[in-house]
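Please look over the chain shown here, and then read the notes that go with it. They are arranged by topic.

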Amino acid sequence: MSENRTTRRLARLALAAGAAGALLLTATPASAASPTIASNSGGANIRSCTSLSCGSNGYYGNGTTVTMVCYKDGDWVNPPNSDYSSNRWFKVNSPTTGYIHSSLVDNQVSTPRCP
């Protein structure tokens with residue numbers, strides 16, 4: 001094979017490899033799972049504050065996707081009222097605004113402290 005032909009062939013291979021690499025680099029990564037309710041009891045109450053003594057604004061069944069806004073440390077909740085002991089609560093605003101105990105939210109995302 002002539003040197004020019006070999007050079008052209010190598011150039012085409014390099015171009016094809018570069019294009020394939022660019023496709024790999026620009027491919028959209030798989031979406032991370034969204035925060036959802038996951039409770040041993042089948043769901044979670046949405047509280048008006050960070051305590052079990054606060055009223056419920058609603059109830060989300062397991063698998064309900066929630067939007068985590070911020071976190072707040074409040075009353076400690078222990079099993080069997082939660083899946084693990086913690087005083088961390090998440091404020092959510094979707095589908096209803098209120099607080100959910102941290103042990104009841106799966107696929108948690110980083111959120112700031114509530115003001």
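The report below goes from the chain as a whole to its disulfides, its largest pocket and some single residues.

## Overall make-up

This is a predicted model, and the chain in it has one helix and seven strands. Read from the N terminus, the elements follow the order α-β-β-β-β-β-β-β, so that the helix is followed by the strands.

Of the 115 residues of the chain, 29% count as buried, a class that takes in residues with under 20% relative accessible area. The area that the chain exposes is about 7300 Å², and carbon and sulfur atoms supply 54% of that area. As for how the chain meets itself, if one takes the contacts between residues at least 6 apart in sequence, 52% of them join residues at least 24 apart.

## The two disulfides

A disulfide is a covalent bond between the sulfur atoms of two cysteines. In this chain the count comes to two disulfides when a pair of cysteine sulfur atoms has to lie within 2.5 Å, and, with bonded cysteines counted along the chain, the pairing follows the pattern 1-2, 3-4. One disulfide joins C49 to C54, with an S to S distance of 1.3 Å. The partners of this bond fall into separate accessibility classes: C49 has a relative accessible area of 27% and is partly exposed, whereas C54, at 12%, counts as buried because buried means under 20%.

The other disulfide joins C70 to C114, and here the S to S distance is 1.9 Å. This pair links distant parts of the chain, since C70 belongs to strand β4 while C114 lies in the segment after β7, 44 residues apart. The torsion about the S-S bond of C70 and C114 is about 90°, and the disulfide is therefore right-handed. Both ends are buried, for C70 has a relative accessible area of 5% and C114 has one of 10%.

## The largest pocket

The largest pocket has a volume of about 220 Å³. Its lining is made up of 17 residues, and those closest to the centre of the pocket are S41, G43, A44, N81 and L104.

Two strands, β2 (43–47) and β6 (98–101), each supply at least two residues of the lining, and β2 gives the most, with four residues. By residue class, the lining of the largest pocket divides into seven nonpolar, eight polar and two charged residues, where glycine is counted among the polar ones.

## Backbone features

Two places in the backbone may be worth checking against the displayed model. The peptide bond from P79 to P80 is cis, with omega near 15°, and P80 has its place in the loop between β4 (68–77) and β5 (86–92).

The other place is N107, which has a positive phi of about 60° although it is not a glycine. This residue is in the segment after β7 (105–106), and with a relative accessibility of 32% N107 counts as partly exposed, because that value lies between the 20% and 50% limits.

## Surroundings of T36 and D75

T36 is found in strand β1, which covers residues 36–37. With a relative accessible area of 16%, T36 is buried. When residues up to four places away in sequence are not counted, T36 touches G63, T64, T65, L104, V105, D106 and N107; among these are L104, one of the residues closest to the centre of the largest pocket, and N107, the residue with the positive phi.

D75 is found in strand β4, and its relative accessibility of 41% places D75 in the partly exposed class. Once its neighbours within four places in sequence are left aside, D75 is in contact with T50, S51, S86, N87 and W89. In addition, D75 and L52 are 23 residues apart in sequence, and the C-alpha to C-alpha distance between D75 and L52 is 7.8 Å.

Definitions and conventions. Residues numbered from 1 in each chain as written. Predicted model: local features only at pLDDT ≥ 70, side-chain atom pairs only at ≥ 80, totals over all residues. Heavy atoms only, no water. 1 Å grid on protein atoms, 1.4 Å probe; cavity = no way out; pocket = protein on both sides within 12 Å on 5 of 7 lines; lining within 4 Å. Points joined across faces, edges and corners; volume = space filled by probe spheres on them. Buried < 20%, exposed > 50% of the residue type's maximum accessible area, 1.4 Å probe, protein only. Contact = heavy atoms within 4.5 Å. Areas by Shrake-Rupley, 256 points an atom, 1.4 Å probe, with all protein chains shown as cover.
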